[in-house]
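Visitor: I would like a close look at a single part of this structure, and I would be glad if you could set that part in its surroundings as you go.

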Amino acid sequence: MTANPVSVNSNACLISPEIGKTSIAPAHPPLKLGVLASGSGSNFEVIAQAIQNQQLNAKIPVLIYNNPEAKAAVRAEKYGIPSILLNHRDCKSREELDTKIVKTFQEYDVEWVVMAGWMRIVTKVLLDAFPDRVINIHPSLLPSFPGIRAVEQALAAKVKITGCTVHIARLEVDSGPILMQAAVPVLPDDTAETLHARIQVQEHKIMLGAIALIAESNRKYCD
């Protein structure tokens, strides 16, 4: 007798910690987020939309982008959020770029930094200016598959489960304390494009969940 094949829900995932347990008290001052983006800005827009819909007690005083062609700037305009281009090609070093970023964020009174698809390696300059207050999102279940092409790495390794991670940034690329993760099944016919698309759905969820955790922690500290 042949066993029935296991049915796999391509949209299934496991998020830890559970997002439903996070909350923000709207009576408290909103968390001021400075966002860094290099590309389409989909994670940035998810945050901005949640704020606009009063689902997240935060605000984005400014978006910084490093790629003149980044669509993130167009998304920022839609939400009335100031956006500033700091082109890394105009800087002699990573430290010079991060010095400009820190100066801009300080001018806008930013409290936390969110790397929402920021394709630059950050330096001690930024991390020291915002100690333990820089978060990053990465398309794998860290510590597995750090660095570039994480989705392709997962496919090459033939893993059955991958996912995404929001973590506190450290000098070592894609390292640091993990705030939230979501697991995503790898299907037999997955390509880098199809798998990345499903991972991105979960990225949007855990990005908001991680910010909610931060805001809740900040509220308790202030109380």
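Guide: What follows is a look at one helix and then at the cores of the chain. The model is a predicted one, and its chain has 6 helices and 8 strands, which, read along the sequence, follow the pattern β-β-α-β-α-β-α-β-α-β-α-β-β-α. The part to look at closely is helix α1, which spans residues 42-52, and because 9 of its 11 residues are buried, that is, under 20% relative accessible area, the helix is largely enclosed by the rest of the structure. The buried residues of α1 are Ser42, Asn43, Phe44, Glu45, Val46, Ile47, Ala48, Ala50 and Ile51, while just after the helix Gln54 takes a positive phi of about 60°. For the chain of 223 residues, buried residues make up 46%.

One residue of this helix leads on to the interior, since Ile47 is listed with Leu33, Ile60 and Ile135 as having the most contacts inside the largest nonpolar core, a set of 41 residues. Helix α6, residues 192-222, gives this core its largest share, 10 residues. Apart from this core lies another, of 19 residues, among them Leu36, Val102, Phe130 and Val134. Returning to Ile135, and leaving aside residues up to four places away in sequence, one finds that it touches residues including Trp112, Val166, Leu179, Met207 and Ile214. Across the chain, among contacts between residues at least 6 apart in sequence, 67% join residues at least 24 apart. As for the outside, the chain exposes about 11,900 Å², of which carbon and sulfur atoms supply 54%.

Terms used: Residues numbered from 1 in each chain as written. Predicted model: local features only at pLDDT ≥ 70, side-chain atom pairs only at ≥ 80, totals over all residues. Heavy atoms only, no water. Core = buried A, V, L, I, M, F, W, Y, C linked by side-chain atoms within 4.5 Å. Buried < 20%, exposed > 50% of the residue type's maximum accessible area, 1.4 Å probe, protein only. Helix = DSSP H or I, 4+ residues; strand = E, 2+ residues; numbered from the N terminus. Contact = heavy atoms within 4.5 Å. Areas by Shrake-Rupley, 256 points an atom, 1.4 Å probe, with all protein chains shown as cover.
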